[in-house]
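User: I would like to understand how the terms used for this structure are justified. Could we go through them one by one?

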Amino acid sequence: SLGRNFTNDEWASEKLVGLGVEKADIEAVSISESFWGTYNEAKAISDLVLKEGYRHLILVSSPHHAERVGKSFWKFLNGRGVRMEIYLSDDHASTTDLIIEYFKLVIYNGILLPYS
């Protein structure tokens, strides 16, 4: 419809509008790249949620990534009056993706989240 491929933000926005979300209620947020991507995203989005006074955060994640997403956001939002829900996409992970995610989760659980 645009005569080109959608950006990720455009695609997500169209999907949300198709589900009944008002376009005015959708805000794309740019987050700088980081080695600890999920952690950095959780920190930045949590800071925004708290600054804007939002009380409800809905996260959508692939099933194999959801535990690390949830724990990262919990680190910054626990006890801050924000209700958080995680919905799983229908994304499927390869065996390699699952192995990589397992090791990332071990690092997040054992080092990054407890000591940050």
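**Surface, burial and one helix**

Analyst: The protein chain exposes about 8,500 Å², and carbon and sulfur atoms supply 55% of that area; accessible areas come from the Shrake-Rupley method with a 1.4 Å probe, and for residues only the protein chains shown count as cover. This is a predicted model, in which local features need pLDDT of at least 70 and side-chain atom pairs count only at pLDDT 80 or more, while totals for chains, interfaces and linings use all residues. Residues are numbered from 1 along each chain as its sequence is written, and side-chain values use heavy atoms, with hydrogens and water left out.

User: Why is Tyr-115 called exposed?

Analyst: Buried means under 20% relative accessible area, exposed means over 50%, and partly exposed lies in between (1.4 Å probe, protein chains only). Tyr-115 has 69% relative accessibility, so it counts as exposed. Tyr-115 is placed in the segment after α4 (95-112), where helices are DSSP runs of H or I with at least four residues, strands are runs of E with at least two, and both are numbered from the N terminus.

User: How do you know what span is expected for helix α2?

Analyst: The expected span is 1.5 Å times one less than the number of residues. Helix α2 (residues 37-52) has 16 residues and reaches 22 Å from its first C-alpha to its last, close to the 22 Å expected.

User: What puts the buried residues of α2 on the same side?

Analyst: In α2, the buried residues are Thr-38, Tyr-39, Ala-42, Ile-45, Ser-46 and Val-49. They cover an arc of only 140° around the axis, and therefore lie on the same side of α2; the arc is that of the directions from the helix axis to the C-beta atoms.
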